[in-house]
Amino acid sequence: YYIAPPITKISSIQGIAHTSPYADQLVRTTGVVTYVVDANNFYMQDPNPDNNSKTSEGVLVYAKNHGAAVGQTVATTGYVKEWLLGGYSDKFDTDLAVTEISTVNLVKGALNTGLPASIVLGENGVLIPTQVIDNDSFAEFDPAEDAIDLYESVEGMRVALPNAIVTGPQANRTIPVRTQTADKVYTKRGTPILTADNANPERLFVEMGSSSYRAKSGDRFEGTIEGVMSYNYSAYKVLAKAADLPKLITSEVDRQPTNIETGDSRLTVASYNVENFASTADAGKVDRVSEGIATFLKTPDIVGLTEMQDNDGATDSGTVDASKSFETLITAIEAKTGVRYAYTDIAPEDKKDGGQPGGNIRVGFLYNPARVSLAPGEKGTATEAVAVENGKLTNNPGRIQPNDPNFASSRKPLVGELHGDGDGQRSAGGDGAGESEPGGDQR
C-alpha cells in the first residue's frame, strides 16, 4: 500500500540540475507518451510546459509491460531514480544518469491526443554552444554556455533537428549530425575538426534502432528529424525510428587514390583494415579490398593488414591458420596489377584475440618480394613476447607484449623487420605520409 502523493509537474521533478531534487522520492505526475523504447520503458512529456527553459518537460518511465502507446495520456506514480542506461564497463565512473520514474502504478488515458511541439535545436531554434561542453564542473547550470547543460535541459523532451548534415558514418544504429555552422574549420564533407581545445559539442547523435540504415559523411537530411533526447554510451542521443527519418540526400563518393607511389628511391608502407577478410569472402568483398590496395594505395611495398581472419572465417572450427585467406587477397591483387605479394603473420590462439567467435582475426604484413625482403629470423608464437637484442628482433615477425592484460581478447600488435635497397624512402600510414633522410639499406 502507498498513499498517492499530489501531482508534481515533470519540470519540477527534473529541476534545474543534472540530478532530480526528488531523487528516491515517491511522486505522481502526468503527461503524454512521446516515445516507446520497449515493453518496459517509455518517455512522457508534459503538454503544458512551465516558463523556465532550463527545466525539462520530459522524463523516462519504467513500467513493466506498460502497454502504452505514443500519443496516449498517462498518469504515473513511482519513485524518482537517476539511472545509468547502456554504457561501457566504466560507465559508473564516466557517464551521466538519466532521470527516471520507476512506476508502482500506471493509469492510461485517452489515445491519439497529439504530441507536444518539438524544441528546434540549431540555427533556426535554440543555438547549441559550439565551444564549451562544461567549464565549471557542473557548479552552475548554464545551458546558454555549456552544451552539456543545454542537452540536460531538454532530456526526455521532443526535439527537432532541421536539415541535419551527417558528419560521420552510421555505426551501432547511430548517425552523428550537426544542425548549425560555427566559426571553425570543417572538412569538405562538413565534419568539424577535433582539436585540443574544442570537441565540437554541437555534434549530435541520432539513434534510430536500425543496423541496416546507411549514411556517410556529407550526406544530409531533407527535412526535420524529430525524436526524444536521451543519453547512453557517454553521449546525448536523439531517439528516432529509422522509418520516420526524412529523406536522405546522399553525397557523391569521390575517393581519390594516393599520390604517393613506389619508386627507385622510395619505399612505401601503408596500413589497411580488411574488416574480417577470409577466403570465404564473397566476390564483391574480395574485389573491393583488393581494389583498395591495388588502385587506391597503389600497391605499397609493405601493407600492414588488420582483421585478417582464418581460412574458414567465422566458422568456429578451431582453425587458426590464415594462409588461404592471405592467398585469396594476394591472388586478387596480382590479377589487377601483376604484383605478387608475399605475407607473414602469427596465428592467434583459438578465440583469444576477439572479433567474431571462430574468426581469429589478426594483424599481418603483405610485402612485395621484388622490392623488400623479410629479414632472416624465426617466427614468434602467439604467446611469445618479442624483444630487441644486438639491434635485431628476437623473432621476425614477433608479437609485442601479447600477454599484457591490455591486449586481452584483442588483436596483438605485430612487428617485423623487412629490408629494401634504394637511396631514400617514404612511408604512408593510415592518415598521412612523411619523408625520411636518404640512406642506403632501408629497414
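**Figure 1. Arg-340 and its salt-bridge partner in the predicted model.** At 35% relative accessibility, Arg-340 counts as partly exposed in this predicted model. Its partner Glu-327 is likewise partly exposed, with a relative accessible area of 33%. The side chains of Glu-327 and Arg-340 meet in a salt bridge, 2.9 Å from N to O. Glu-327 belongs to helix α5 (residues 323–337) and Arg-340 to the loop between α5 and β17, so the salt bridge ties together parts that are 13 residues apart in sequence. Elsewhere, Asp-316, Asp-350 and Lys-351 are joined into one network by salt bridges that share partners.

**Figure 2. The salt bridge between Lys-9 and Asp-46.** The structure holds 18 salt bridges, one of which is formed by Lys-9 and Asp-46, with their closest N and O atoms 2.6 Å apart. Lys-9 lies in the segment before α1 (10–14), whereas Asp-46 lies in the loop between β2 (41–45) and β3 (58–62); the pair therefore ties together parts that are 37 residues apart in sequence. Lys-9 is partly exposed, with 34% relative accessible area. Asp-46, at 8% relative accessibility, counts as buried, the cut-off for that class being under 20%.

**Figure 3. The salt bridge between Lys-216 and Asp-219.** The side chains of Lys-216 and Asp-219 meet at 3.1 Å, N to O. Lys-216 has a relative accessible area of 25% and is partly exposed. Asp-219 is buried, its relative accessible area being 2%.

**Figure 4. Lys-285, a buried lysine in helix α4.** Lys-285 is found in helix α4, which spans residues 283–296. The residue is buried, yet has no salt bridge. The nearest side chain of opposite charge is that of Glu-275, which is 5.4 Å away; a salt bridge is counted within 4 Å, so this pair does not qualify. Leaving aside residues up to four places away in sequence, Lys-285 touches Val-274, Glu-275, Asn-276 and Phe-277.

**Figure 5. The four-stranded open sheet and helix α4.** Four strands form an open sheet in the order β15-β16-β18-β17, with mixed pairing. β15 (269–277) and β17 (342–345) stand at the edges; each has a single partner strand, so one side of each is left without a neighbour in the sheet. From one strand to the next, the twist averages 25 degrees. β17 and strand β18 (residues 362–367) run antiparallel and are joined by four bridges. Thr-344 stands opposite Phe-365 in β18. Helix α4 lies across β15, β16 (302–308) and β18, and runs at about 170 degrees to β15.

**Figure 6. Strand β12 and its antiparallel partners.** β12 is mostly covered, seven of its nine residues being buried. Strand β7 (residues 158–162) runs antiparallel to β12 and is joined to it by five bridges. In this pairing, Val-159 stands opposite Gly-227 in β12. Five bridges also join β12 to β13, and these two strands run antiparallel. Asn-232 stands opposite Ala-235 in β13. β12 and β13 form a hairpin with two residues between them. Tyr-233, in the turn, has a positive phi of about 45 degrees.

**Figure 7. The aromatic pair of Tyr-88 and Tyr-233.** The structure holds four aromatic pairs. Among them is the edge-to-face pair of Tyr-88 and Tyr-233, at 4.9 Å centre to centre and with 80 degrees between the planes. This pair links distant parts of the chain, 145 residues apart. Tyr-88 lies in the loop between β4 (73–83) and α2 (91–94), while Tyr-233 lies in the loop between β12 (224–232) and β13 (235–239). With 38% relative accessibility, Tyr-233 counts as partly exposed.

**Figure 8. The aromatic cluster that includes Tyr-231 and Tyr-236.** The ring centres of Tyr-231 and Tyr-236 are 4.9 Å apart and their planes stand at 80 degrees, so the pair is edge-to-face. Both Tyr-231 and Tyr-236 are buried. Together with Tyr-151, these two tyrosines form one aromatic cluster.

Notes. Residues are numbered from 1 along each chain as its sequence is written. This is a predicted model: local features need pLDDT of at least 70, side-chain atom pairs count only at pLDDT 80 or more; totals for chains, interfaces and linings use all residues. Side-chain values use heavy atoms; hydrogens and water are left out. Two strands pair if DSSP finds at least two bridges between them. Axes are lines fitted to C-alpha atoms, for helices over the stretch in contact, and angles run from 0 to 180 degrees between N-to-C directions. Contact means heavy atoms within 4.5 Å. Buried means under 20% relative accessible area, exposed over 50%, partly exposed in between (1.4 Å probe, protein chains only). Lys and Arg count as positive and Asp and Glu as negative; His and the chain ends are not counted. Rings of Phe, Tyr and Trp (its six-membered ring) pair if their centres lie within 6.5 Å; planes under 30 degrees apart count as stacked, over 60 as edge-to-face and the rest as tilted.
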